[in-house]
Amino acid sequence: MTGAAVPALTGELALTLAPRGRRTVAVAQRHAGTLQTLRPMYLDGSGQVTYHVVNPGGGCLRGDTYAIDIDLQADARAVVTTQSATKVYRTPGGGAAQHMRIRLGAGAVLEYVPDALILYREATYRQTCTVELDPSASLVLAEVVTPGWSPDGARFRYDELRMRTEIHRGGELLAVDNLLIEPGRADPSGIGFLDGRTHVGSLTAVDPRIDEDLLDEVHALTGTVGTVRSGLTALAGPGFVLRCLGDDTAELTGLFDAVIALLRSRWTGQAPMNLRKY
């Protein structure tokens, strides 16, 4: 008896990064299908490398499946972002998916900060992210989700969004974060559904230096954006999850940029990094 066929990947990207001298460089890289990267960039004097992930296909359609594998060896430092927003178009009778796996060695630092994920009407999208990191490694994961334009001007016309992030630290499970949004099953009044907001953002940080004082500073930053509703949750280890609701991508990304800048300042003394792409 043969097993079920494994669907072919629409795009695949694998990066293995390691320090060489003062810089982090790719020691192995593979891409196939519609995923690739731009040339590595060094945006400050720290030696931290920045990669932009590109999908020349322009967006995700029904049946599209993407796989991203990022491996940072000991003491490697990297920022991974996207060239532009990820757009999920109509996927009638199916869906699109992305599966990401991240491994961080001792002392490695990764900031994964993609542009917004935009879901258009009748879109279904599923995303998984599994992280395995050394207790001395540092991780920042950010995501902003927004509904796309609809011809009748209605909001939340996409069908389903499922996002699951699982983080293992030192071989032990640290956190599991599940997000499920099904607009069609929401209360028609809007009560209880994203509190009437259109955008949802999540920022997860794990680092051995995260303490109560830092959590207080992050909480204070959330109070500076009065139009964004935020909830800050400490993990059962040195880390936190910041979940935000709003109506504007720039406001959410601005808050996340401020939090990341705070982390960089506290941990390395480095200035904020400008990832503007226009």
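Where in the chain does Ser138 lie, and in which strand? Ser138 sits in strand β12, which covers residues 138-147. Keep in mind that this is a predicted model.

**The overall fold**

Let's step back to the whole chain. Its secondary structure adds up to two helices and 17 strands. The radius of gyration is 19 Å, close to the 19 Å that the globule rule gives for 278 residues, so the chain is as compact as a globular protein of that length. If you like to think in box dimensions, the C-alpha trace spans about 55 × 50 × 45 Å along its principal axes.

As for what is tucked away, buried residues account for 47% of the 278 residues. Among contacts with a separation of 6 or more, 73% come from residues 24 or more positions apart. On the outside, the chain exposes about 13300 Å², and carbon and sulfur atoms supply 50% of that area. The chain carries 27 positive and 31 negative charges, and the mean positions of the two sets are 6 Å apart.

**Back to Ser138**

With a relative accessibility of 3%, Ser138 counts as buried. Who does Ser138 touch, once residues up to four places away in sequence are set aside? The list is Leu104, Ala108, Val109, Leu110, Val206, Asp207, Arg209 and Trp267.

**The cysteines**

How many disulfides does a search of the whole structure find? The count is zero. A disulfide is a covalent bond between the sulfur atoms of two cysteines. Take Cys60: the nearest cysteine sulfur belongs to Cys129 and is 16 Å away. A pair has to be within 2.5 Å to count as a disulfide, so Cys60 is in none, with that 16 Å gap to Cys129. Seen from the other side, Cys129 is in no disulfide either, and its nearest cysteine sulfur is that of Cys60. Cys60 is buried, and Cys129 is buried as well.

Here are the relative accessible areas for some of the residues in this report:

| Residue | Relative accessible area | Class |
|---|---|---|
| Thr50 | 0% | buried |
| Cys60 | 3% | buried |
| Cys129 | 4% | buried |
| Asp195 | 40% | partly exposed |

**Thr50**

Thr50 belongs to strand β4, residues 49-54. Thr50 is buried, at a relative accessible area of 0%. Going from Thr50 to Arg39 takes you 11 residues along the sequence and 8.9 Å through space, C-alpha to C-alpha.

**Two aspartates in loops**

Asp75 is in the loop between β5 (65-72) and β6 (77-82). Which residues does Asp75 touch, leaving out those up to four places away in sequence? They are Pro19, Ala106, Gly107 and Ala108. Ala108 is also among the residues that Ser138 touches. Asp75 and Arg22 are 53 residues apart in sequence, with their C-alpha atoms 11 Å apart in space. The backbone of Asp75 deserves a look too: phi is near 70 degrees, a positive value in a residue other than glycine.

Asp195 has a positive phi as well, about 55 degrees, although it is not a glycine. Where is Asp195 found? Asp195 lies in the loop between β14 (172-181) and β15 (199-206). Is Asp195 buried or partly exposed? Asp195 is partly exposed, with a relative accessible area of 40%.

Terms used. Residues numbered from 1 in each chain as written. Predicted model: local features only at pLDDT ≥ 70, side-chain atom pairs only at ≥ 80, totals over all residues. Heavy atoms only, no water. Helix = DSSP H or I, 4+ residues; strand = E, 2+ residues; numbered from the N terminus. Rg over C-alpha atoms; globule rule 2.2 N^0.38 Å. Buried < 20%, exposed > 50% of the residue type's maximum accessible area, 1.4 Å probe, protein only. Contact = heavy atoms within 4.5 Å. Areas by Shrake-Rupley, 256 points an atom, 1.4 Å probe, with all protein chains shown as cover. Lys, Arg positive; Asp, Glu negative; His and termini not counted. Charge placed at Lys NZ, Arg CZ, Asp CG, Glu CD.
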